[in-house]
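Reader: I've got a fold on my screen and I'd like to know what backs up the words people use for it. Could you walk me through it?

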Amino acid sequence: MKMLATFNVNGRDRDTVIAPHMTLADVLRDQLRLTGTKRACTGGNCGACTVLMDGVPVCSCIQLAVNARDRKIETVEGLAKPGGDLSALQEAFARNNAAQCGFCTSGMLMTAEALLRSNPRPTREEVKVAISGNICRCTGYVKIVDAIMEATAAAQEAAE
Ligand code: FES
Ligand code: FES
């Protein structure tokens, strides 16, 4: 059985046809072509598929898409500024070489984005705890934490 569904993604309502068993990651990638969200373990264990749902980071591979219809979804494609320039957090990742293969990067960015919105002045330890559910198979954690710490200055400015 298929159904018509509307998803609010990155501030825009998007209509598509879904099946009841589809996950939010399936809909984002396969229906809406937002392939920045990665699918890896598909079991909620690695964080590669992290998106924000009503501002909270969730693993989109274990969220049923039907339950995401009335929620505000944010993906990595929505992080850039309206003109297309990278956000301060994305810039910090680029400057610090915080991506190697890049497979974990969108999930890391979304988790870090949620952290910096709720806590613009995290300690290094708080950053480590926040990203503890995101696995980097390339093990580039030091540079990822460096990048998030660098982005705290912009997050603090935005919060003031
Ligand atoms: S792909 Fe969703 S947690 Fe790994
Ligand atoms: S950069 Fe390769 S998995 Fe993190």
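Reader: What share of the contacts in the chain with a separation of 6 or more comes from residues 24 or more positions apart?

Author: In this predicted model, that share is 56%. A contact here asks for C-beta atoms within 7 Å.

Reader: What makes the chain as compact as a globular protein of that length?

Author: Set the value against the rule: the globule rule is 2.2 Å times the number of residues to the power 0.38, which gives 15 Å for 160 residues. The radius of gyration of the chain is 15 Å, close to that, so the chain counts as that compact. As for its span, the C-alpha trace covers about 50 × 35 × 25 Å along its principal axes.

Reader: What percentage of the residues count as buried, and what makes a residue buried?

Author: A residue is buried if 20 or more other C-beta atoms lie within 10 Å of its own. By that test, 41% of the 160 residues qualify.

Reader: Which domains is the chain divided into, and how far apart are their centres?

Author: You get domain 1 (3-78) and domain 2 (88-159), with C-alpha centres 21 Å apart. Domain 1 puts 15 residues into the contact and domain 2 puts in 13. On the domain 1 side, β3 (50-53) and β4 (56-59) each supply at least two residues, and β3 gives the largest share, three residues.

Reader: How many residues on that side of domain 1 are nonpolar, polar or charged?

Author: Nine are nonpolar, five polar and one charged.

Terms used
Residues are numbered from 1 along each chain as its sequence is written. Chains are lettered from A and ligands numbered from 1 in the order in which they are written. This is a predicted model: local features need pLDDT of at least 70, side-chain atom pairs count only at pLDDT 80 or more; totals for chains, interfaces and linings use all residues. Domain bounds come from an automatic or database domain assignment. Two residues are in contact if their C-beta atoms, placed from the backbone, lie within 7 Å. Helices (H or I, at least four residues) and strands (E, at least two) are DSSP runs, numbered from the N terminus. Ala, Val, Leu, Ile, Met, Phe, Trp, Tyr, Cys and Pro count as nonpolar, Asp, Glu, Lys and Arg as charged, and the others, Gly among them, as polar. A residue is buried if 20 or more other C-beta atoms lie within 10 Å of its own, exposed if 12 or fewer, and partly exposed in between; C-beta atoms are placed from the backbone.
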